[in-house]
Amino acid sequence: YCADAYARGARIFRCLGEPDLAARCDERAERMRALVNRTFWMPEAGRYAFAVDGRGRVLPTIVSNAGHLLWSRVAPADRATATARALLASSSFSGYGVRTAAADQPVYNPLSYHNGSVWPHDNALIAAGLVEYGLHHEALKVFDGLHAAMAYCRDRRLPELFCGFPRAAGEPPVA
């Protein structure tokens with residue numbers, strides 16, 4: 001989000017006729033993107049890590065947060081495609097949306113707020129990020145899942161989250 005904020009700030013400063021401030025924000029955005037990619041990209045796994053622990057070890061847990069790197073345009077194009085594959089794999093994508101933690105991860109619990117549920121707002125950011133990279137088919141898959149979930153919601157209003165159980169024909173998501 002920091003890289004994105006600097007990049008957006010640079011555009012605002014250019015519109016305001018402040019090229020020096022715009023250049024400073026552009027440079028900070030690029031440094032932040034480089035730091036994230038250097039720190040969190042796992043080349044052997046072909047995806048981003050979830051976090052770095054207090055000892056400097058990369059935590060490889062597959063989580064929906066990686067989709068936010070697409071929304072904020074931090075990932076290079078090849079890494080965006082790899083991130084899309086990871087997020088839309090059957091272990092991550094429930095059929096109603098991308099889970100906060102993939103079903104094949106040790107911490108996965110489809111009832112857990114952070115470790116397996118599906119957050120509609122999270123999925124909206126992921127879909128918007130996919131579109132940023134021209135991954136329209138992948139974005140439509142996310143929207144299709146959310147649309148299917150809406151069919152079971154009063155007034156088609158999605159809740160804050162629903163459980164990350166796999167989508168089954170005719171069965172609503174559990175909110």
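This passage describes the helix packing, the nonpolar core and several individual residues of a predicted model.

Two helix pairs are taken up to begin with. Helix H1 spans residues 2-15 and helix H2 spans residues 19-40; their axes come within 8 Å and cross at roughly 160°. Because an angle over 145 degrees counts as roughly antiparallel, H1 is roughly antiparallel to H2. The crossing of these two helices is left-handed. On the H1 side, the contact is made by Cys2, Ala3, Tyr6, Ala7, Gly9, Ala10, Phe13 and Arg14, and H2 contributes Leu21, Ala22, Cys25, Asp26, Arg28, Ala29, Met32 and Arg33. Sorted by character, the residues of this contact comprise 11 nonpolar, one polar and four charged.

The pair formed by H5 and H6 can be described in similar terms. Here the axes come within 8 Å and cross at roughly 160°, which makes H5 roughly antiparallel to H6. H5 passes H6 in a left-handed crossing. From H5, the residues making the contact are Pro120, Asn123, Ala124, Ala127, Leu130 and Val131, while those from H6 are His136, Glu138, Ala139, Val142, Phe143 and Leu146. Nine of the residues in the contact of H5 with H6 are nonpolar, two are polar and one is charged.

Two residues of the H5 and H6 contact, Leu130 and Val142, reappear in the largest nonpolar core. This core has 27 residues, among which Val98, Leu130, Val142 and Phe162 touch the most other members. Two or more residues of the core come from each of helix H3 (66-71), helix H4 (77-88), helix H5 (120-132) and helix H6 (136-150). In soluble globular proteins, nonpolar side chains tend to be buried together. The surroundings of Leu130 can be listed in full: with residues up to four places away in sequence left out, Leu130 touches Leu70, Ala84, Leu135, Glu138, Ala139 and Val142.

Helix H6 also holds Gly145. With a relative accessibility of 0%, Gly145 counts as buried. Beyond its neighbours within four places in sequence, Gly145 is in contact with Phe93, Gly95, Tyr96 and Arg167. Gly145 and Arg167 are 22 residues apart along the chain, and their C-alpha atoms are separated by 8.7 Å.

The segment after H6 offers some further points of interest, starting with Pro166, which is found there. Pro166 has 57% relative accessibility and therefore counts as exposed. Even so, Pro166 is in contact with Ser94 and Arg99, when its neighbours within four places in sequence are set aside. The C-alpha atoms of Pro166 and Ser90 lie 8.8 Å apart in space, with their positions 76 residues apart in sequence.

Backbone geometry draws attention to two other residues. Most residues other than glycine have a negative phi. Asp155, although not a glycine, has a positive phi of about 55°. Arg156 likewise has a positive phi, near 60°, in a residue other than glycine. Asp155 is found in the segment after H6, and Arg156 lies in the segment after H6 as well. Asp155 counts as exposed, at 64% relative accessibility, whereas Arg156 is partly exposed, with a relative accessible area of 45%.

Methods:
Residues numbered from 1 in each chain as written. Predicted model: local features only at pLDDT ≥ 70, side-chain atom pairs only at ≥ 80, totals over all residues. Heavy atoms only, no water. Core = buried A, V, L, I, M, F, W, Y, C linked by side-chain atoms within 4.5 Å. Buried < 20%, exposed > 50% of the residue type's maximum accessible area, 1.4 Å probe, protein only. Helix = DSSP H or I, 4+ residues; strand = E, 2+ residues; numbered from the N terminus. Contact = heavy atoms within 4.5 Å. Axes fitted to C-alpha atoms, helices over the stretch in contact; angles between N-to-C directions. Parallel < 35°, antiparallel > 145°, perpendicular 65-115°, else oblique. Left-handed = near helix turned anticlockwise from the far one by under 90°. Nonpolar A, V, L, I, M, F, W, Y, C, P; charged D, E, K, R; others polar.
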